[in-house]
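The following exercises concern a ligand and the space around it. Please work through each task before reading its solution.

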Amino acid sequence: MSQHRGAWKNRWTFMLATAGSAIGLGNIWKLPYMIGVNGGSAFVLVFIACIFFVGIPLMMTEIMLGRRAQKNPFNAMQQLAAEANASSLWKYLGAMGMVAGVLILGFYSVIGGWVLSYITFALQGSFTAISPAQSSVNFDNLLKSPYLLITWHTVFMVMTMWVVARGVSSGLEKANNILIPALFAILLILLGYSMSVGDMQAAYHFMFSPDFSKITPVAMLSALGHAFFSLSLGMGSVMVYGSYLQRNVSIANTTICIALVDTLLGLLVGLAIYALVFANHLTPNAGPGLIFQTLPIAFGHMPFGNVFAALFFTLVAFAAWTSAISLVEPTIAWVVENTQVKRPFATLCLGIVIWLIGIAVSLSFSVWKDITIMFGFGIFDSLDKLTSTIMLPLGGLLMAIFAGYVMKPHHRQDELNLGIRYYTIWKITNNIIAPMAILLIFLYLLGLIG
Ligand code: TRP
């Protein structure tokens with residue numbers, strides 16, 4: 001029944017692809033503004049702790065589940081549950097992840113579109129000597145124009161689906177092999193630029209001298225939620241990437257490398273951004289507008305600002321592109337492995353569904369502004385909150401429980417292949433710390449704590 005599955009060429013291409021999934025708008029757009037809004041350094045520390053104690057163990061878990069089954073998340077959970085004599089309901093964990101991926105890409109692609117349009121703004125030289133007021137008007141004009149938003153969202157979707165349609169080795173692997181090294185090269189150039197024209201010392205101080213008085217429960221929970229989002233956990237992206245991985249690769253070492261690279265990149269981008277922001281005496285707490293409103297003002301007042309702004313937004317676009325690919329791969333793998341439908345056609349159909357969701361999201365910034373769908377939130381916020389605060393943590397919690405309590409111990413030991421000391425560390429974090437941390441998020445959401 002099933003068609004031929006893809007596989008990564010080697011450990012390195014798996015690492016590039018998974019790092020490509022992890023490194024995205026989460027690191028470059030969200031993390032820096034969350035650091036700004038949550039008071040800087042203290043948030044950074046909590047975020048790093050969440051990556052180590054929850055993110056890394058759960059990433060190992062998710063890769064392990066995928067690699068053991070060698071199937072898309074739905075069939076993987078079905079097979080693993082059968083192997084453990086557990087309920088076949090577990091397969092719906094895979095299904096929830098696929099739905100989450102589709103919903104996330106619905107709004108992710110619209111933001112990807114903002115990024116693409118900012119590349120063109122920079123290339124047209126629109127940031128030169130721009131005033132704060134003009135910069136806000138620029139951003140508002142974009143958001144208020146459904147025509148522009150939908151056009152750029154469409155371009156971003158076509159880019160994403162084009163790569164996915166080409167399959168694992170000539171699509172995903174090739175794109176990541178080119179885009180991720182290019183992304184790091186651009187990052188180095190931007191860091192050099194920020195160091196020479198920005199205020200690195202102020203940025204460093206802001207990000208790395210901890211002030212514990214600023215650690216609030218809300219900041220801790222958003223750091224935890226963001227650790228999930230940033231490492232692409234809880235949805236099956238990492239599971240399906242793990243399912244294309246060969247048996248002889250160490251899951252622990254690869255995971256640690258990927259998580260470190262993802263976190264380090266987020267922090268370096270943060271430094272580069274804040275050095276420019278502080279050198280222009282701008283404030284760090286602009287929220288979601290940080291890279292679209294504040295940063296262009298900084299670029300606009302620096303030598304060769306438009307050129308470096310174009311480079312910066314290209315970096316963001318590459319990061320978003322490689323993440324978007326991983327959001328649809330679980331569903332495409334599921335269709336291809338269970339039906340006779342060919343990959344390009346499956347990709348086209350799914351692409352149209354996500355494109356339509358993105359159109360609704362685009363309209364929610366102007367004509368559909370007053371439509372609310374969940375707890376009084378608009379379309380964009382509802383999709384974001386439903387996925388990143390509910391579906392992803394729930395997915396992560398269930399994966400941890402499955403791996404830690406349902407799976408047969410010798411199966412997980414076989415797959416993780418760790419010495420007793422590291423296995424114990426994984427077990428404590430996966431079975432106890434991560435689930436408790438996620439339960440805290442839910443209790444907080446229900447208003448029971450905090
Ligand atoms: N991690 C990506 C980012 O930081 C987004 C992403 C890709 C993602 N795949 C995911 C988030 C799966 C959650 C789950 O932008």
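**Exercise 1: Ligand contacts**

Task: Determine which polar backbone atom lies 2.8 Å from an oxygen atom of the ligand.

Solution. The backbone atom belongs to Gly 26, at 2.8 Å from a ligand oxygen; a polar contact is a pair of N or O atoms within 3.5 Å. Next, a backbone N or O atom of Ser 21 is found 3.2 Å from a ligand nitrogen. A polar side-chain atom of Asn 27 is 3.4 Å from an oxygen of the ligand. The protein covers 100% of the 360 Å² of accessible area that the ligand has on its own (Shrake-Rupley method, 1.4 Å probe).

The model is predicted: local features need pLDDT of at least 70, side-chain atom pairs count only at pLDDT 80 or more, and totals for chains, interfaces and linings use all residues. Residues are numbered from 1 along each chain as its sequence is written, and side-chain values use heavy atoms, with hydrogens and water left out.

**Exercise 2: The shell**

Task: State how the residues of the shell around the ligand divide by class.

Solution. The shell comprises 17 residues, counted when a heavy atom lies within 4 Å of the ligand. Among these, Ala 22, Gly 26, Tyr 108, Phe 229 and Ser 232 come nearest. By class, eight are nonpolar, nine polar and none charged (Ala, Val, Leu, Ile, Met, Phe, Trp, Tyr, Cys and Pro count as nonpolar, Asp, Glu, Lys and Arg as charged, and the others, Gly among them, as polar).

Technical notes:
Polar contact = N/O pair within 3.5 Å; in protein donor to acceptor, adjacent residues only side chain to side chain.
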